[in-house]
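Reader: I like to know how a structural label is earned before I use it. Could you take me through some of the labels for this model?

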Amino acid sequence: AKSKYDYDLVIIGCGVGGHGAALHAVESGLKTAVIEGHDIGGTCVNRGCVPSKALLAASGRVRELQNGMHLKAMGIQVGSVSYERQPIADHAINLASTIQLNLKRSLEALGVDILKGSGKLVDNHTVKYSLPGRVDVGGTVTAKDIIIATGSVPFVPPGIPIDGKTVFTSDHALKLEWVPDWIAIIGSGYIGLEFSDVYTALGSEVTFIEAVDNLMPGFDKEIARLAQRLLINPRRIDYHTGVLATKVTPGVPGVKPVVVELTDFKTKEKVDELEVDAVLVATGRAPYTQGLNLAAIDAETDRRGFVPVGEQMHVLDKSGKPVPNVYCIGDANGKYMLAHAASAQGISAVENICGRSHTLNHLSVPAACFTHPEVSFVGLTEEAAREQAEKDGYKDKIAVTKTSFKANSKALAEKEGEGMAKMIYRKDTGEILGVHIIGLHAADLIHEASNAVATKQSVQDIKFNVHAHPTLSEVLDELFKAAHVETKAPG
Ligand code: FAD
């Protein structure tokens with residue numbers, strides 16, 4: 001029978017979350033449209049994961065060739081190494097365009113309609129879309145189900161004016177319009193850290209300004225300490241912790257410095273003033289939900305602007321009840337602000353739309369920071385796991401194993417022996433609570449652990465699996481083998 005709606009599914013916003021949801025919807029037989037106000041691929045492809053990894057790849061090679069310690073130790077002599085800024089910037093820009101085009105083609109090939117414009121809810125089956133200044137573009141579409149996937153934008157604390165030249169966010173930094181001699185990075189989360197890797201490799205001095213008392217808040221503390229030894233100290237990165245940048249006065253490149261006023265986080269007293277060439281504001285991301293008109297479905301954003309959702313990605317109304325047929329995925333709901341989490345949530349929402357009840361286990365979603373070396377994790381930090389165990393009464397059941405990259409033949413062959421992996425698990429059940437890795441290709445290595453968590457395998461289930469020798473994956477092999485579970489080993 002002919003549906004009373006234009007589409008089975010309309011997705012507002014086509015970043016990686018919306019794109020992942022659209023592909024899965026078509027594969028599931030749903031007639032699908034996406035509404036996109038700017039560029040297909042959203043933050044990740046155009047202003048995030050993709051261009052940042054291109055900059056890290058190029059700058060990482062500059063560092064490797066310039067430092068070249070391990071190359072020299074393998075008998076390789078490298079002459080003087082220099083780089084040109086613009087081709088590095090072009091590499092990032094071109095990669096973003098290529099991937100944007102790939103995404104667009106994949107939607108077209110599968111028959112997804114791409115509607116240009118900003119989407120606004122009319123009710124739980126209707127979306128109006130338009131482009132400012134373009135009367136020829138726009139319309140109203142109806143759908144049985146709607147997914148909101150409008151993503152996020154850089155969060156800029158009050159008192160920090162962004163001029164895009166001397167005071168900027170990742171949106172500007174990714175264009176690599178210049179390499180300042182001295183740059184202060186506000187925030188030492190993964191975005192700040194990745195940019196510190198890029199800038200130091202290209203010759204900048206970096207100073208971190210971090211509100212929390214230690215760098216890399218949110219990382220497992222032991223891993224953060226090693227990251228400090230590998231990523232901060234040898235690069236002579238300076239840092240101020242426990243302080244806020246409360247006032248920033250932009251400068252003029254090469255003429256007038258940027259002035260940054262530092263205030264003690266606790267006492268709120270001014271403690272210092274820095275003069276630097278540039279400031280990168282990397283203080284997190286804010287959901288982008290402007291103009292969505294959530295009131296039309298009796299919903300509203302939370303205090304921080306995120307769209308509240310239940311476990312199955314349904315938008316929750318003001319009384320906390322799921323709004324029928326409306327879902328929200330990705331950065332806009334704030335559950336786990338990473339690209340692969342956005343698309344995994346999109347797939348999960350589509351599963352629920354198709355009546356195949358699905359709940360994504362966010363504790364199985366890996367995270368990675370693509371510095372040199374990389375840092376990755378899945379699940380809880382040791383601190384969080386111990387806190388949870390204390391609350392739930394199994395604190396004597398928590399155990400931790402650790403391995404070093406120094407014991408890994410492949411890492412040593414590559415002269416990349418710095419790094420460690422650790423696992424937090426329950427010794428009574430073998431449940432894996434968290435795995436953290438810092439070292440060569442940590443971002444690729446984490447998946448064996450995250451797959452084990454996702455499929456609810458205990459350490460006991462996987463500790464006798466065989467890994468090829470010599471590979472970096474043996475770091476995890478050893479980690480799992482070192483676990484002692486209080487159950488019988490398989491006969
Ligand atoms: P977005 O990618 O933000 O897409 C939302 C889309 O919706 C946008 O295209 C926007 O134009 C559109 N839109 C908004 N409102 C409307 C509307 N009303 N109507 C129509 N369209 C609308 N994550 C990783 O996993 N790995 C990384 O290495 C990584 N690196 C990053 C590096 C940087 C510098 C940054 C900033 C982010 C990085 N991220 C990374 C995070 C990642 O980019 C985001 O988590 C991801 O893009 C979120 O996807 P999304 O689909 O929810 O939203």
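Author: Happily; what follows is a set of questions about labels, each answered from the values behind it. Keep in mind that this is a predicted model.

Reader: Thanks! What makes Met-216 count as buried or exposed?

Author: The cut-off for buried is 20 or more other C-beta atoms within 10 Å. Met-216 has 24 within that distance, so it is buried. It sits in the loop between strand E10 (205-210) and helix H8 (221-232). Leaving aside neighbours within four places in sequence, Met-216 is in contact with Ser-188, Leu-193, Ala-224 and Ala-227.

Reader: How far apart in space are Met-216 and Val-179?

Author: They are 23 Å apart, C-alpha to C-alpha, with a separation of 37 residues in sequence.

Reader: And Pro-161, why is it called buried or exposed?

Author: Here the test is the other limit: a residue is exposed if 12 or fewer other C-beta atoms lie within 10 Å. Pro-161 has 10 such neighbours, so it counts as exposed. This proline belongs to the loop between strand E7 (152-154) and strand E8 (167-168). Not counting residues up to four places away in sequence, Pro-161 touches Val-167, Val-248 and Pro-250. Its C-alpha atom is 8.7 Å from that of Lys-247, although the two are 86 residues apart along the chain.

Reader: Now the strands. How do you know that E1 and E6 pair?

Author: Pairing needs at least two bridges between the strands. E1 and strand E6 (residues 134-148) have 5 bridges, in the parallel sense, and Tyr-7 has Ala-143 in E6 as its bridge partner. E1 also pairs with strand E2 (residues 32-36), again in the parallel sense, over 4 bridges. There, Ile-12 has Ile-35 as its partner. Between E1 and E2 the chain passes through helix H1 (residues 16-27), a β-α-β crossover that is right-handed.

Reader: What makes E1 mostly covered?

Author: The count of buried residues does: E1 (residues 7-12) has 6 residues, and 5 of them are buried.

Reader: Why are E19 and E21 called edge strands?

Author: They belong to an open sheet of 5 strands in the order E19-E20-E23-E22-E21, with antiparallel pairing. Strand E19 (367-369) and strand E21 (398-404) each have a single partner strand, so each has one side without a neighbour in the sheet. From one strand to the next, the twist averages 10 degrees. E21 is joined to strand E22 (residues 420-426) by 7 antiparallel bridges, and Lys-402 is partnered by Lys-422 in E22. Helix H10 (residues 382-392) lies across E21, E22 and strand E23 (432-439), at about 165 degrees to E21.

Reader: Which strands are the edges of the sheet E8-E15-E9-E10-E11?

Author: This is an open sheet of 5 strands with parallel pairing. Its edge strands are E8 and strand E11 (238-241), each of which pairs on one side only. E10 and E11 run parallel and are joined by 4 bridges, with Ile-209 opposite His-240 in E11.

Reader: How many residues lie between E13 and E14 in their hairpin?

Author: There are 5 residues between them, and Lys-268 in the turn has a positive phi of about 65 degrees. E13 and strand E14 (residues 270-276) pair in the antiparallel sense over 6 bridges, including the one between Thr-263 and Lys-270. Strand E12 (residues 243-249) is joined to strand E13 (residues 258-264) by 6 bridges as well, running antiparallel, and Val-243 stands opposite Asp-264.

Reader: Last one: at what angle do H3 and H5 pack?

Author: Helix H3 (residues 49-67) and helix H5 (residues 85-109) pack at about 145 degrees, with axes 8 Å apart. Their crossing is right-handed. Among the residues that meet are Val-50, Leu-55 and Ala-58 in H3 and Ile-88, His-91 and Ile-99 in H5. The contact divides into 11 nonpolar, 2 polar and no charged residues.

Terms used: Residues are numbered from 1 along each chain as its sequence is written. This is a predicted model: local features need pLDDT of at least 70, side-chain atom pairs count only at pLDDT 80 or more; totals for chains, interfaces and linings use all residues. Helices (H or I, at least four residues) and strands (E, at least two) are DSSP runs, numbered from the N terminus. A crossover is right-handed if, with the strands pointing away from the viewer, the path from the first strand over the helix to the second runs clockwise. Axes are lines fitted to C-alpha atoms, for helices over the stretch in contact, and angles run from 0 to 180 degrees between N-to-C directions. A crossing is left-handed if the near helix is turned anticlockwise from the far one by less than a right angle, and right-handed if clockwise. Two residues are in contact if their C-beta atoms, placed from the backbone, lie within 7 Å. Ala, Val, Leu, Ile, Met, Phe, Trp, Tyr, Cys and Pro count as nonpolar, Asp, Glu, Lys and Arg as charged, and the others, Gly among them, as polar.
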